[in-house]
Amino acid sequence: MRMLPVLSRLAWRYLWRNHRRTIIMVGAIAVGAWAMIFMTALTRGMVDQMIRDGISVLPGHVQAHNPEFLDDPSVSNRIAMGDEELAGKFDAMDFRAWASRVRVPAVITSERESRGVTLLGVDPEAEEEFSFVSYEDVEGRFLETPDDKGVVIGRKLADKLDTEVGKRIVIMSQDPDNEIADRGFRVVGLFKANMAAFEESYVFVGKKTAQKMLRIGDTTTEIVFVGDDYRNVDPTYQRVSEAVAGKLKVSRWYEVDTYLGTMMKVMDGFVLIWVIVIFLALSFGLVNTLVMAVFERIREIGLMLALGMKPSSILGQIIIESMFLLAIGLGLGDILAFASVKPLESGIDISVVAEGMEMWGASSMLYPKLYWSDMVLANVVVLILGFLASLSPAWRASRYEPVEAITKVG
Amino acid sequence: MSSVRCVDLCKTYRQGDQDIKALDHVSIEIEEGGFVCLSAPSGGGKTTLLNAIGGLDIPDSGEVWIAGQRIDEMSKGELADLRLSSIGFVFQAYNLIPVLTAQENIEFVMQVQGVSAVERRKKSLAILDEVGLKGLENRRPAEMSGGQQQRVAVARAIVSRPALVLADEPTANLDSKTSDELMTLFTELNRHHNTTFVIATHDQRVMGYAKRLIRMLDGRIVGDIEQDAA
């Protein structure tokens, strides 16, 4: 530590000895850091949106089911508590939103086609907060009350069934006694979802209508809770677990929807890989700069060693020089990234390529999201890798024999 | 007590297909407070001997003792400590650190030694005055003449009052007037502080200042005489 001031002073002065080279390298690091953070913000925004949309489709942040339901999702494995009991338990718990719903496999039949679907009996008011269906964008109308007699299906499913708003379809499932439970519905609305699979798979009917059709009284099969942050669902999970006291199986969203959970993990991995790939490109410039910086002052390094500076101090000096270079570049890159992402956080219209994006669940508006954790990750990874990259030239510099270094023709 | 003792030093360099004997069984002893000139034609071995004494170069065989410590068996770290605490170097080419000012160059060794900033400043300004460079403390080497740079190098070598100063052709790039001033400074330091000087040179005028003149040829000592210094 005693040597830090003198090493820092030497490193700083040597850094600016060839200021043109330093400025070019700082610029390269700044652009690299900006690219890392900006691209991460774009991807984060897109994946966040996809996950948020995905979570709001059905999983919410936390779900509760009959312990058997996830293995056998039939009404036989419904939640033993009725709507009133659930409301008494959860209304006072101040979740951002919660809702109980009927969710069972079913078959939908038009006069032309039949399809296997997931039947959702929902309370439209309770689910509006987190439903993936924008009620206003529904062609026709969405359900209005839990005992609405209409059905809302996806546009793609309507195409497959060759049906439309106003026509009748039949939905068929099983009641708790494994008897056929069916009912005719009039299509009152066609919803549009980000993912084509949602439009083909989900069918919405009123909760009470579904309960009546399935002959399950006022019980449901699924309770969904939404907390404040989908990345931190443990507080909600704890509260729900305590409230149901082992009677129900409580699951986090990424346990229920492993695709979305995997997507989040892949995104975290992608950010790291992206940062490392950019850094690898930068590292060639960094190492080259340091090798040149060492090469052009071999005599001076020899002189310092001859005067009594230890090889470890020479090593430290080169590493500090590298850290200065990286810190300035990263600082500028961070400022650039912040200045370029913040104005775009209100959304970028990518409707030109929206068709393709919607295929895999992204919306036509992209909301770049700058997370401090991503900025810190990019900075820390670059500093650590930069440290490692600078070890080789620094080590070489510290290994010079003073007498040989001093006599080098510079 | 001897300040420097070399026993049977040998050092061979390979140059192309030829082995060059830079030191060929060299033994010398220099007392504390000595003022010695090593004189030899180019390639005679004086710089190699100086480097061996300073722990910058390790001989192939033989022993080097500085102030009672055998240094040819020391580690790099121990040698660095020894050079830092006990030896001042003045090299032929000015060998200042170009990114530091005159004062910072002088303070460099003290800073590595861990001397406080106040004391460093006091000593560096005093020595700058002593070598006649008062007012030039903020100049970088590129902004000074050759003579001024060499005086800064001398100031750096002596500022922490080392017991031994090793100088390799210190006047090679200086005019005669500056050379005389530098040698007068060395002589005064030798007299007043009992600093031991070992100077490698082939400048006859410099040799005139020495109390003892050791002549070398082809890596061997061919003459060793005491003389009246100028």
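The following paragraphs walk through a predicted model, from the outline of chain A to its cores, its contact with chain B and one residue seen up close.

Chain A is a good place to start. Its secondary structure comprises 15 helices and 12 strands. The C-alpha atoms occupy a box of roughly 95 × 50 × 30 Å along the principal axes. The radius of gyration of chain A is 31 Å, whereas a compact globule of 410 residues would have one near 22 Å. Of the 410 residues in chain A, 46% are buried. Contacts that reach far along the sequence are well represented: among those joining residues at least 6 apart in chain A, 80% link residues at least 24 apart.

One helix invites a closer look. Helix α10 of chain A runs over residues 258-295, 38 residues in total, and spans 54 Å from its first C-alpha to its last, close to the 56 Å expected at 1.5 Å a residue. The helix α10(A) nevertheless carries a kink of about 35°, centred on A:Leu282. A:Leu282 is also one of the buried residues of α10(A), which include A:Val271, A:Val275, A:Ile278, A:Phe279 and A:Leu286.

Turning to the interior, the largest nonpolar core has 119 residues, and A:Ala33, B:Leu38 and B:Val198 are those that touch the most other members. Helix α12 of chain A (residues 311-341) gives the most to this core, with 10 residues. Another core, of 35 residues, lies apart from it and has A:Val151, A:Val152, A:Ala193 and A:Phe204 among its members. As for B:Leu38, its contacts beyond four places in sequence are B:Lys46, B:Leu49, B:Leu50, B:Val198, B:Ile199, B:Ala200, B:Ile214 and B:Met216.

The contact between the chains draws on 19 residues from chain A and 21 residues from chain B. On the side of chain A that touches chain B, at least two residues each come from α1 (4-15), α11 (298-306) and α15 (402-406). By character, the residues on this side of chain A are 13 nonpolar, one polar and five charged.

Finally, A:Val117 offers a view of a single residue, located in strand β3 (residues 114-122) of chain A. A:Val117 counts as buried because 21 C-beta neighbours lie inside 10 Å, the cut-off being 20 or more. Setting aside neighbours within four places in sequence, A:Val117 is in contact with A:Ala106, A:Ile108, A:Ser201, A:Tyr202 and A:Val203. By comparison, A:Gln49 is 68 residues from A:Val117 along the chain, and their C-alpha atoms are separated by 25 Å.

How values were computed
Residues numbered from 1 in each chain as written. Chains lettered and ligands numbered in written order. Predicted model: local features only at pLDDT ≥ 70, side-chain atom pairs only at ≥ 80, totals over all residues. Helix = DSSP H or I, 4+ residues; strand = E, 2+ residues; numbered from the N terminus. Expected span 1.5 Å × (residues − 1). Bend = angle between axes of the 7 residues up to and from the residue. Buried ≥ 20, exposed ≤ 12 C-beta atoms within 10 Å, placed from the backbone. Rg over C-alpha atoms; globule rule 2.2 N^0.38 Å. Contact = placed C-beta atoms within 7 Å. Core = buried A, V, L, I, M, F, W, Y, C linked by C-beta atoms within 7 Å. Nonpolar A, V, L, I, M, F, W, Y, C, P; charged D, E, K, R; others polar.
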